[in-house]
Amino acid sequence: MQKSRILGVGHYVPERIVTNHELSEMMNTNNEWIVERTGIESRHWFTPGVDTVTSMSKYASEMALERAGVKPEEIDFIVFATITPDYFIPGNGVLLQRELGMGTIGALDIRNACSGFIYALSIADQFIKTGMYKKILVVGAEIQSSALDKSDEGRSSSVIFADGAGAAVLGAVESDQPGILSTHLHSQGEHAEELYCKDPGSSREVRLSPELIESGSFFLKMNGNAVFKHAVVRFMEVIKEALDANQLDQSAIDLLVPHQANLRISQYIQKQLGLPDEKVFNNIMTKGNTTAATIPIALSEAWEQGKIKEGDLICLAAFGSGFTWASALLQW
């Protein structure tokens, strides 16, 4: 049986940089408050009329394809993770397919929020293992800033979320080659409303109305304390699950790339695992939480900075809305 391997990674973030100082002019907050609670100093927000989920994912995908030495026409399938598509329908996968000038390949969209990229990676991994496809483009991309309540009431979430896109090209390799060792996926829907965006939903009599707009139900809502409490537990569980599945100890990890939800969460996990700073990659300080895009953006930046070398054992882990959480262990 063949396995899948990441052949190349790429990313894109909008040009607009939003500092904590700029946010303090929109709402009752300040740099110290934001940094202390999240670790974020700045983030990128899209420019309307310039950036779209499709355009950002195209740039990220082109970078990943170039680094992988793969042409668009060689891609057999697309798995696109986003909860902020450009259209209500269709999904963003077909829009990216069109922009990249690909043939009539399949395009699958998934909505697993912060865990989306690992879920997408796992799906692509299974397709390659079964022999159905040889090369798959996996994308995580989000525009979250347009769903944020930028008033005092919404400040606890609006200071966290940001925009961007990341992509990875997966290719089939022989089973004795480096590649994805295992993926692990979980969910617990009873906590769905702790981090969600209620509207526009299809079960309303009218999907969009003046009353709905007035209610603010289309803004992202987050119970930060509940998310933090569950995240620190599930992160550890799913990382240990991946290590145990491969009969490895945490000391074997060369680089942990966690979902960039909150720097305090990442630092807690790092401490629990006993990993030194050089074995954990964080970029939330300047990128914020880009949901499904955080891990591929971080992977791309870590590779650019020489922090990932061939043969390294990389652990990916994520937790977020759903609640969903996931991990992947791979040899680069």
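These points concern one sheet and several salt bridges in a predicted model.

1. The sheet is open and has four strands, ordered β8-β13-β12-β11, with mixed pairing. Strands β8 (180-187) and β11 (255-258) are at its edges; each has a single partner strand, so one side of each lacks a neighbour in the sheet. From one strand to the next, the twist averages 10°.

2. Edge strand β8 is joined to β13 (residues 324-331) by seven bridges in the antiparallel sense. Within this pairing, H184 has S327 of β13 as its bridge partner. Helix α5 (residues 116-129) lies across β8, β12 (313-320) and β13, and runs at about 130° to β8.

3. The whole structure contains 10 salt bridges. One of them links R5 and E310, with the closest N and O atoms 3.5 Å apart. R5 belongs to strand β1 (residues 3-12) and E310 to the loop between α11 (294-304) and β12, so the pair ties together parts 305 residues apart in sequence. R5 is buried, at 15% relative accessibility, whereas E310 is exposed at 66%.

4. A salt bridge within helix α8 (residues 224-245) involves E237 and R234; the N to O distance is 2.8 Å. These residues are three apart in the helix, which means a separation of about one helical turn. R234 counts as buried at 19% relative accessibility, the cut-off being under 20%. E237 is partly exposed, at 39%.

5. In the salt bridge between E22 and R16, the closest N and O atoms are 2.7 Å apart. E22 is partly exposed at 25% relative accessibility, and R16 is partly exposed at 32%.

Note on methods. Residues are numbered from 1 along each chain as its sequence is written. This is a predicted model: local features need pLDDT of at least 70, side-chain atom pairs count only at pLDDT 80 or more; totals for chains, interfaces and linings use all residues. Side-chain values use heavy atoms; hydrogens and water are left out. Two strands pair if DSSP finds at least two bridges between them. Helices (H or I, at least four residues) and strands (E, at least two) are DSSP runs, numbered from the N terminus. Axes are lines fitted to C-alpha atoms, for helices over the stretch in contact, and angles run from 0 to 180 degrees between N-to-C directions. Contact means heavy atoms within 4.5 Å. A salt bridge is a side-chain nitrogen of Lys or Arg within 4 Å of a carboxyl oxygen of Asp or Glu. Buried means under 20% relative accessible area, exposed over 50%, partly exposed in between (1.4 Å probe, protein chains only).
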